[in-house]
Amino acid sequence: MNTRKEPGKTIAIIGGGVSGTLTALHLVRQGTPARVILIDQRAGFGLGLAYSTPSLRHLLNVPAGKISALPDQPDHFLNWLRENHDPTATEKTFAPRAVFGRYIQALLASASRVEQEIATVVDVRLHDSGAVLTLDNGSELRADLVVLATGNFDPAPLPGITKAASDLGLYHHNAWAAETYEGLHPDAPVALIGTGLTGVDVVLRLRELGHRGQIIAVSRHGIFPNRHESCTPLNSTAVPLDTPATCVAYLHALRAAIRGGAEWRAAIDSLRETTNELWLRLPLEEKKRFRRHLQRRWDVVRHRMAPPIADVIASELRNGTLDIREGHLMAVDASPEGACITVRAQDESESFYADRVINCTGPSMNYRRVPSTLLQNLFRKGLVTSGALGTGFHCSQDGAIIDAGGHASEIIFNLGPGRLGDLLESIAVPEIRQQAVELASTLADRIRRHFEVPEKAVTGVATPESTGELVAA
């Protein structure tokens, strides 16, 4: 087996989506004296799942003025958008996600020091104050520090999906796969399992591809996300940090702010900077209570639809071309009429038929069960653990992975969706970009202090001023 170890120190980032790419970018911007290697199984570095969509109808759910990849340059994306896609864009424009992906790729291209490796990491083992990464091509790569930026995984398995429904192509587990939309008659009825943002994306994609038939969305709560609207920001947070750490107290404080005249969107947005701090203050039982009773209600008001998309969904619902069936999915089976979907609402069950059923429940956060050889090996060795609620990874405040012995790793770090093991918010760009800056600073400091490498040891070290006009814009 070929084990590669180049001279100097190496930081290996597993995952080439937005989380991994921004970490690599900020390592370069901070002049980190180490090789930075970005590893992903796909060649589209910088895109990840959300921004690799082929559809320009899939819009960001954060306006252009609030989604710069560079926290110290809040207008960076807006300026890039005007120069490269839409000269008329304003800070309130909701740009296509695919265009934002191009922006991230342009940033990566400006950081020429970042090495890109197309491969799948299948194992990591600790070795000599560092780690050895095993790749699916049989080679090994030694690194001094490792970042897990694995992004999102496929949805969790749904109950009651029969083998026949899957084998006959009636049920599709991956809403993003091209084959999910192939061979579908334009007038065929389609069932979606889930009414979150993934379900919204699928409605838009179906219509873009010429589908005209009815779409039936199955949901336990029966609601789509709310829409973005302009509102006057609050001068202070709707839930002060000294609020007693219970779900009821938080909810009462939020409702009091709204009764006091705050627009509900402004009240929700006022929590953006303190959401995770409020979450971390909750005892475990309160977090469980939130998951059971408030999570979906939070999601539909926090993760809102861009206005043009909300208009489409509202029109579909009004016209009856999109219908919601509220209840719990019980089964999807094959029948002569197509897929037979059984849903239980309260104490009664009902069945209906569709030519295709698409899982729109969103990424699985139960990392112990996702189909990842890497994660399975990491959990088996005890190098990583799940969060207290059984999701994501358990990490220290600076992103260091907590192992099975309860110790913060000196080698392996995490950011992005994986940090939902401890946090409530960790999937949107505003959170990820800040994590990337802070993690890059942590890693750069460790390289300099723990490995005693002077900055001059790496030639051509990039600085914020030397990473290209795009970054400095």
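This report walks through a sheet, some salt bridges and two helix settings in a predicted model.

## The six-strand sheet

Let's start with the sheet. Six strands form an open sheet in the order 4-3-2-8-18-17, and their pairing is mixed. At the edges stand strand 4 (114-118) and strand 17 (400-402); each has a single partner strand, so one side of each is left without a neighbour in the sheet. From one strand to the next, the twist averages 35 degrees.

Further in, you can follow the pairing of strand 8 (residues 145-148) with strand 18 (residues 408-414), which runs in the parallel sense over three bridges. If you would like a residue to look for here, try valine 147, which stands opposite phenylalanine 413 in strand 18.

## Salt bridges that link distant parts

Side chains of opposite charge can pair when their charged atoms come close. The structure holds 22 salt bridges, and two of them are handy for seeing how separate stretches of the chain meet.

One of these brings together the side chains of glutamate 425 and arginine 302, at 3.4 Å from N to O. Glutamate 425 sits in the loop between strand 18 and helix 13 (429-450), while arginine 302 belongs to helix 10 (residues 295-302), so this pair ties together parts that are 123 residues apart in sequence. Both glutamate 425 and arginine 302 are buried.

Another salt bridge joins the side chains of arginine 446 and glutamate 410, at 2.1 Å from N to O. Here too the pair links distant parts of the chain: arginine 446 is in helix 13 and glutamate 410 in strand 18, 36 residues apart. The two residues differ in their surroundings: arginine 446 has a relative accessible area of 12% and is therefore buried, the cut-off being under 20%, whereas glutamate 410, at 46% relative accessibility, counts as partly exposed.

## A small salt-bridge network

Which residues do salt bridges with shared partners join into one network? They are Arg227, Glu229 and Asp311. Within this group, glutamate 229 forms a salt bridge with arginine 227, and their closest N and O atoms are 2.8 Å apart. Glutamate 229 counts as partly exposed at 39% relative accessibility, and arginine 227 also counts as partly exposed, at 23%.

## Where helix 2 meets helix 3

Now take a look at helix 2 (residues 76-84) and helix 3 (residues 97-110), whose axes come within 11 Å and cross at roughly 105 degrees. An angle from 65 to 115 degrees counts as roughly perpendicular, and helix 2 and helix 3 are therefore roughly perpendicular to each other.

On the helix 2 side, the contact is made by His76, Phe77, Trp80, Leu81 and Asn84. Facing them from helix 3 are Val99, Phe100, Arg102, Tyr103, Ala106 and Leu107. By class, this contact has eight nonpolar, two polar and one charged residues.

## Helix 10 under cover

How many of the eight residues of helix 10 are buried? Six of them are, which leaves helix 10 mostly covered. The buried residues are Gln295, Arg296, Trp298, Val300, Val301 and Arg302. Arg302 will be familiar as the salt-bridge partner of glutamate 425.

The cover over these buried residues comes from several elements, including helix 7 (264-269), helix 8 (275-281), helix 9 (284-293) and helix 13. Helix 13 also appeared above, as the home of arginine 446.

Key
Residues are numbered from 1 along each chain as its sequence is written. This is a predicted model: local features need pLDDT of at least 70, side-chain atom pairs count only at pLDDT 80 or more; totals for chains, interfaces and linings use all residues. Side-chain values use heavy atoms; hydrogens and water are left out. Two strands pair if DSSP finds at least two bridges between them. Helices (H or I, at least four residues) and strands (E, at least two) are DSSP runs, numbered from the N terminus. Axes are lines fitted to C-alpha atoms, for helices over the stretch in contact, and angles run from 0 to 180 degrees between N-to-C directions. A salt bridge is a side-chain nitrogen of Lys or Arg within 4 Å of a carboxyl oxygen of Asp or Glu. Buried means under 20% relative accessible area, exposed over 50%, partly exposed in between (1.4 Å probe, protein chains only). Angles under 35 degrees count as roughly parallel, over 145 as roughly antiparallel, 65 to 115 as roughly perpendicular and the rest as oblique. Contact means heavy atoms within 4.5 Å. Ala, Val, Leu, Ile, Met, Phe, Trp, Tyr, Cys and Pro count as nonpolar, Asp, Glu, Lys and Arg as charged, and the others, Gly among them, as polar.
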